[in-house]
Amino acid sequence: MSFNNIYEIAGSAMRSQTLRLNTVASNLANADAAASSEKEAYHALKPVFSSVYQTSQEEMQITGASVQMLGVTQSQQAIERRYEPENSLANEEGYVFYSNVNAVEEMADMMSASRSFEGSVEVMRRVNSMQQSLLRLGKG
Amino acid sequence: MAINFDKALGIHPYALQARVQRSEILASNLANVDTPGYLARDYDFKAAMADVESQFDNSGSAFVPQLSMEAQYRVPYQPALDGNTAEMGVEQSKFNNNAMDFQSSLTFLNMKIQGLQKVIDGR
C-alpha cells in the first residue's frame, strides 16, 4: 500500500500552485512599474509545469505522476509605451515603458491556482482519513 | 480444520489494495490538471477484480492470487487546447467515489475479521 506516493503527488501539486501564486503576486505588484526602455520594463512571469511519471519496478507501468516546475518564463507580449515627457523616467523621445501585465488574466490565473491548491489539500485530507481507518482495521 | 486466511478474507484485501492504487492515479490526475499535455489515466477496477476472482477459482490452497491493474487513458468530455485531458470536476468526483468505496471495502474486511474472531473464540 503506497500512501506515501499520494502525499508526494499532492505535495508536488501544492508546491507548483504556490509558485504560480507567487508569480501572479509579483505580476500584480509590478503591474504599474515604469521603465525608460522596453528591455528594462517589467515582463509578466509565467511558470512552466511538466509531469514526472512514476513507474512500478516490475512491469514498468505508470502508477502515478507528480508535477515538476521547469522554470519561469517571461511573457513576450507587447510592452505598453506611453508618451509622458514630464516623467523622470522618460527617454529622449519622451516615452515611458510600462509592464505587459494583464490584470484580468492574472486574477483568473490566481483563482484557478487557489482552486487547484484547495483540491490538493482535499486529496491529502481524504487519503489521511483512508490511512487512519486502515490502521483501525480489525478493531471493530 | 485449518483456517486459510487468504481464502477466509476472500477478495476484500485485493479490493482494498486496488482502491489505494486507484487513488494514487486519481491523485496524479488532480495534481496535473494545469500541466500542459498531461493525459489522464484510470484503472479498470471491474476487470482487475474479475482477474483476481478467476485466479481464486483456479488456484490450489497454497497459491496467492496477484493483483494486476493496467492504466488506461481517459476520454475527456471537453478536450483542452493544451492537450490536457484531466478535468477537475470529473477527477474530483471519481476520487471521492473511490475513497468512499475504500471505506466500504474496509467495512467488509472488518466484518470478515469479526466473524473469524467469533469462530476462534468459540462463541
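## Exercises on a two-chain predicted model

In chain A, 62% of the contacts with a separation of 6 or more are between residues 24 or more positions apart (contact means heavy atoms within 4.5 Å). Before we start: this is a predicted model, where local features need pLDDT of at least 70, side-chain atom pairs count only at pLDDT 80 or more, and totals for chains, interfaces and linings use all residues. Residues are numbered from 1 along each chain as its sequence is written, chains are lettered from A and ligands numbered from 1 in the order in which they are written, and side-chain values use heavy atoms, with hydrogens and water left out.

**Exercise 1. Work out the fold pattern and overall dimensions of chain A.**

Step 1: sort out the elements. Chain A has 2 helices and 5 strands, where helices (H or I, at least four residues) and strands (E, at least two) are DSSP runs numbered from the N terminus. Along the sequence they come in the order α-β-β-β-β-β-α.

Step 2: check the dimensions. The C-alpha trace spans about 80 × 35 × 20 Å along the principal axes of chain A. Its radius of gyration is 22 Å, against near 14 Å for a compact globule of 140 residues; the radius is taken over C-alpha atoms, and the globule rule is 2.2 Å times the number of residues to the power 0.38.

Step 3: look at burial. In chain A, 38% of the 140 residues are buried (under 20% relative accessible area; exposed is over 50%, partly exposed in between, with a 1.4 Å probe and protein chains only).

**Exercise 2. Do the same job for chain B.**

Step 1: chain B comes to 4 helices and 2 strands, running α-α-β-α-β-α from the N terminus.

Step 2: the C-alpha trace of chain B spans about 65 × 30 × 15 Å. A compact globule of 123 residues would have a radius of gyration near 14 Å, while chain B reaches 18 Å.

Step 3: 43% of the 123 residues in chain B count as buried. Of the chain B contacts between residues at least 6 apart in sequence, 76% link residues at least 24 apart.

**Exercise 3. Compare the UniProt features with the modelled secondary structure.**

Step 1: take the N-terminal feature. An unreviewed UniProt entry puts "domain: Flagellar basal body rod protein N-terminal" at residues 9–32 of chain A; annotations like this may be inferred rather than shown by experiment, feature names are shortened, and positions follow the numbering used here. Residues 9–32 of chain A are 88% helix and 0% strand, with end C-alpha atoms 37 Å apart.

Step 2: move to chain B. There, the unreviewed entry lists that feature name at residues 15–38. This stretch of chain B is 71% helix and 0% strand, and its end C-alpha atoms are 27 Å apart.

Step 3: finish with "domain: Flagellar basal-body/hook protein C-terminal", listed by UniProt (unreviewed entry) at residues 93–137 of chain A. Those residues are 73% helix and 9% strand, and the end C-alpha atoms sit 77 Å apart.

**Exercise 4. Place B:His12 and B:Ile25, and say what they touch.**

Step 1: B:His12 lies in helix H2 (residues 12–31) of chain B, and B:Ile25 is in helix H2 too.

Step 2: B:His12 counts as buried because its relative accessible area is 19%. B:Ile25 is buried as well, at 1%.

Step 3: leaving out residues up to four places away in sequence, B:His12 touches B:Ser105, B:Phe108, B:Leu109 and B:Lys112. With that exclusion, B:Ile25 has contacts including A:Ile62 and A:Thr63 from chain A, plus B:Tyr43 and B:Ala71.
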